[in-house]
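Please look over the structure shown here, together with its sequence. A report on selected helices, cores and single residues comes after it.

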Amino acid sequence: MTPAFLKRLAVAGIAAAGALTLVLNPAGASASLQSKAKDKDTLIPIRILSINDLHGNLEPPTGSSGRIADETGTVIDGVGGAAYLATYVKQFRNRDTVLVAAGDLIGATPLLSAAYHDEPTIQFLDSLELATSSAGNHEFDEGFDELERIMKGKCHPVDGCSPAGRWKGSDFEFIAANVIEKKKNKPALAPYYVERINGEKVGFIGLVTQTTPSIVTAAGIAGLEFTEEVAAANATSELLTQKGIKAQVILVHEGDQVTPNQSPDACPVVPGLGSRIATGVDSEIDLIISGHSHQAYICKATDPSGQQRYYTQGSSFGRVLTQIDFQIDKNTGDIVRSSVVADNHVVRRTVTPDPETVDFVNLWKSRTAAVANKPIGNITGDLPNVAAPSGEVPLGNLIADAQLESTKTGGNAQIALMNPGGIRAGLTFAGSVAGEGDGVVTYGEAFTVQPFNNLMQVVTLTGAQLKTLLEQQWVGGPNNQAFTKILQPSSNFTYTYSASGAWGSRVSNMKIDGAPVVDTQSYRVAANNFLVGGGDAFLAFRDGTDLWSGPLDIDAFAAYLGAHSPVTPPVANHITVIP
């Protein structure tokens with residue numbers, strides 16, 4: 001049987017849960033020797049290696065994405081990249097090891113992976129012998145049907161087969177105990193995965209943030225319910241316990257923010273959604289491996305019975321490999337918590353890159369080079385993805401201007417708004433392609449900025465609804481915004497907000513092309529389909545009427561750069577902040 005078959009067998013129901021392990025003793029062995037051997041074999045060593053939020057970064061990430069604080073708290077450059085991550089995995093893997101992940105391995109990926117619907121990233125993870133991963137919100141970016149295709153196989157229904165041929169599916173499965181197929185009232189994905197290591201079973205429970213419906217396109221997850229994480233984890237834990245599996249680990253795509261520039265082995269977390277899960281799940285669960293917030297930490301959380309257990313995360317983009325060593329008591333089958341040791345290894349590029357992975361990445365680079373390196377426009381200066389004190393990002397203004405231009409004809413758009421989380425990188429005057437020089441922007445660079453292939457849409461909102469939408473940028477309202485998210489306005493739209501105002505009364509002085517916005521008047525507002533569907537908790541978009549759909553957001557951005565080159569970075573002065 002293949003490793004893939006064995007893994008799927010374990011996920012499907014652990015048919016071998018009651019299987020016996022036979023130990024043969026040589027004839028004539030003394031009772032005392034057998035007793036000593038038994039004592040020696042009571043504690044079984046296990047090693048977990050984990051990653052999270054890879055986002056298809058097969059090539060070494062650049063800029064801030066390739067930077068992290070090391071074990072001394074010193075920020076260093078030159079970290080991450082598939083070939084270096086592979087070297088670290090092989091270095092720290094031994095016969096006691098299982099490699100797992102906590103979601104967002106695909107989705108929001110660079111062109112190298114995204115051009116072929118992330119099949120290259122899955123191939124890379126299979127080469128590392130990844131056992132399982134929780135689903136992340138970005139695994140649903142292209143919809144649930146596409147996630148199933150990635151796992152089970154078949155070529156893409158629209159774009160067909162990649163240059164590698166017919167897609168065979170992944171050797172591992174994404175798991176999530178809190179994703180329910182509503183019509184059938186059953187889990188849409190396997191809720192758990194069991195790995196036998198050194199003869200002992202370890203159960204991994206998958207969870208994805210319950211906020212997923214607010215941060216992915218609604219159409220792709222129609223018919224799915226994302227339930228509360230703690231309750232789903234506890235129900236699955238009970239199921240594992242009934243099957244005799246007491247060594248239990250959560251892989252959860254939810255985490256906390258941290259005080260910046262701390263050692264990845266420290267615990268500078270600001271308690272939030274991740275900590276709520278880490279402290280709330282049942283005491284039967286021994287470890288919590290998290291993701292989503294792109295932070296690195298090694299923490300201990302107190303479980304409901306007052307005992308401590310480890311709670312970890314390994315940054316993002318392949319910059320950190322988490323190592324967790326522990327022992328299982330063979331008599332009980334449970335993890336000895338006092339034996340647990342966790343360490344976050346910064347994936348430095350000072351090691352020799354894995355040769356097979358280097359060849360693999362270069363192969364896919366050659367397959368996407370013609371598209372990625374095609375010049376599409378010019379800029380006169382850097383456009384970093386850095387916000388002004390108001391929350392406005394000049395690159396965000398530029399993207400919104402491009403979206404407005406692409407939706408005026410046909411959609412009759414009057415303004416455009418861009419979600420800040422959809423801007424994944426900045427643009428530099430020097431560029432990223434050797435020799436391109438002098439402000440040239442390539443399609444690959446533009447795609448890195450906007451990798452989601454969202455559709456541009458336009459809806460009609462009243463002035464009052466537009467104000468409500470802008471009020472939803474802050475926490476404290478009925479839309480349950482997790483943290484402040486300032487929408488990026490097109491250059492023809494201005495307004496003022498009060499930094500200390502109460503929710504619902506922060507926004508004032510809205511103007512379009514210099515004319516005041518009237519509460520009772522209707523306006524055509526452009527945004528990507530993620531926002532129009534209520535993404536990022538901007539629920540007021542759902543009140544829009546007369547929906548019109550246009551081009552892909554990346555096509556709108558590329559066309560704008562081509563039509564207006566050289567583009568001068570906008571000034572972030574469209575939002576005025578008052579005390």
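The sections below go through helices, cores, individual buried sites and backbone geometry in this predicted model.

## Helix H5

Helix H5 spans residues 119–127 and is mostly covered. Of its 9 residues, 7 are buried. These are Glu-119, Pro-120, Thr-121, Ile-122, Phe-124, Leu-125 and Asp-126. The list mixes nonpolar residues such as Phe-124 and Leu-125 with the acidic Glu-119 and Asp-126. Just after the helix, Glu-129 takes a positive phi of about 60°.

H5 packs with helix H10 (355–372). Their axes come within 11 Å and cross at roughly 170°. An angle over 145 degrees counts as roughly antiparallel, so that is how H5 and H10 run relative to each other. On the H5 side, the contact is made by Pro-120, Gln-123 and Phe-124. On the H10 side, Thr-357, Phe-360 and Trp-364 take part.

## Nonpolar cores

The largest nonpolar core has 45 residues. Leu-105, Phe-124, Leu-125, Phe-140 and Leu-321 have the most contacts inside it. Several elements give two or more residues each: strands S1 (43–51), S4 (97–101) and S11 (224–226), and helices H3 (82–92), H5, H6 (144–152) and H10. H3 gives the most, with 7 residues. Apart from this core lies another, of 32 residues. Among its members are Ala-114, Ala-402, Ala-413 and Met-456. In soluble globular proteins, nonpolar side chains tend to be buried together.

Phe-124 belongs both to the buried set of H5 and to the best-connected residues of the 45-residue core. Beyond its neighbours within four places in sequence, Phe-124 is in contact with Leu-54, Leu-58, Ala-82, Leu-85, Ala-86, Thr-357 and Phe-360. Thr-357 and Phe-360 are also on the H10 side of the helix pair.

## Helix H15 and the loop after it

Helix H15 covers residues 553–564, 12 in number. From first C-alpha to last, H15 reaches 17 Å, close to the 16 Å expected at 1.5 Å a residue. Its buried residues are Asp-553, Ile-554, Ala-556, Phe-557, Ala-558, Tyr-560 and Leu-561. What covers them includes helices H11 (394–411) and H12 (443–449). Strands S20 (375–378), S22 (440–442), S23 (455–462) and S29 are also among the covering elements.

The loop between H15 and strand S30 (575–578) holds His-574. Pro-566 is found in that loop too. A cis peptide bond joins Ser-565 and Pro-566, with omega about -5°. His-574 has a relative accessible area of 8%, so it counts as buried. The side chain of His-574 makes a polar contact with the side chain of Glu-392, at 2.5 Å. Leaving out residues up to four places away in sequence, His-574 touches Glu-392, Asn-397, Pro-489, Ser-491, Phe-493, Thr-494 and Tyr-495.

## Ser-133 in strand S5

Is Ser-133 buried or exposed? Ser-133 counts as buried because its relative accessibility is 0%. The residue sits in strand S5, residues 130–134. A polar atom of its side chain lies 3.3 Å from the backbone oxygen of Ala-101.

Not counting residues up to four places away in sequence, Ser-133 touches Ala-101, Ala-102, Gly-103, Leu-105, Phe-172, Glu-173, Phe-174, Ile-175 and Leu-251. One of these, Leu-105, is among the residues with the most contacts inside the 45-residue core.

## The H14–S29 loop

Gly-535 lies in the loop between helix H14 (529–532) and strand S29 (545–552). Its relative accessible area is 1%, so Gly-535 is buried. Outside its neighbours within four places in sequence, Gly-535 is in contact with Ser-214 and Phe-530. Its C-alpha atom is separated by 9.8 Å from that of Thr-211, which is 324 residues apart along the chain.

Ala-537 is found in the loop between H14 and S29 as well. Ala-537 is buried, at 5% relative accessible area. Its phi is positive, near 65°.

## Unusual backbone angles

Most residues other than glycine have a negative phi, and most peptide bonds are trans. Asn-509 has a positive phi of about 55° although it is not a glycine. Asn-509 is placed in strand S26, residues 507–512. At 46% relative accessibility, Asn-509 counts as partly exposed, whereas Ala-537 is buried.

Key
Residues are numbered from 1 along each chain as its sequence is written. This is a predicted model: local features need pLDDT of at least 70, side-chain atom pairs count only at pLDDT 80 or more; totals for chains, interfaces and linings use all residues. Side-chain values use heavy atoms; hydrogens and water are left out. Helices (H or I, at least four residues) and strands (E, at least two) are DSSP runs, numbered from the N terminus. Buried means under 20% relative accessible area, exposed over 50%, partly exposed in between (1.4 Å probe, protein chains only). Contact means heavy atoms within 4.5 Å. The expected span of a helix is 1.5 Å times one less than its number of residues. A polar contact is a pair of N or O atoms within 3.5 Å; within protein, one must be able to donate a hydrogen and the other to accept it, and residues adjacent in sequence count only if both atoms are side-chain atoms. A nonpolar core is a set of buried Ala, Val, Leu, Ile, Met, Phe, Trp, Tyr and Cys residues joined through side-chain atoms within 4.5 Å. Axes are lines fitted to C-alpha atoms, for helices over the stretch in contact, and angles run from 0 to 180 degrees between N-to-C directions. Angles under 35 degrees count as roughly parallel, over 145 as roughly antiparallel, 65 to 115 as roughly perpendicular and the rest as oblique.
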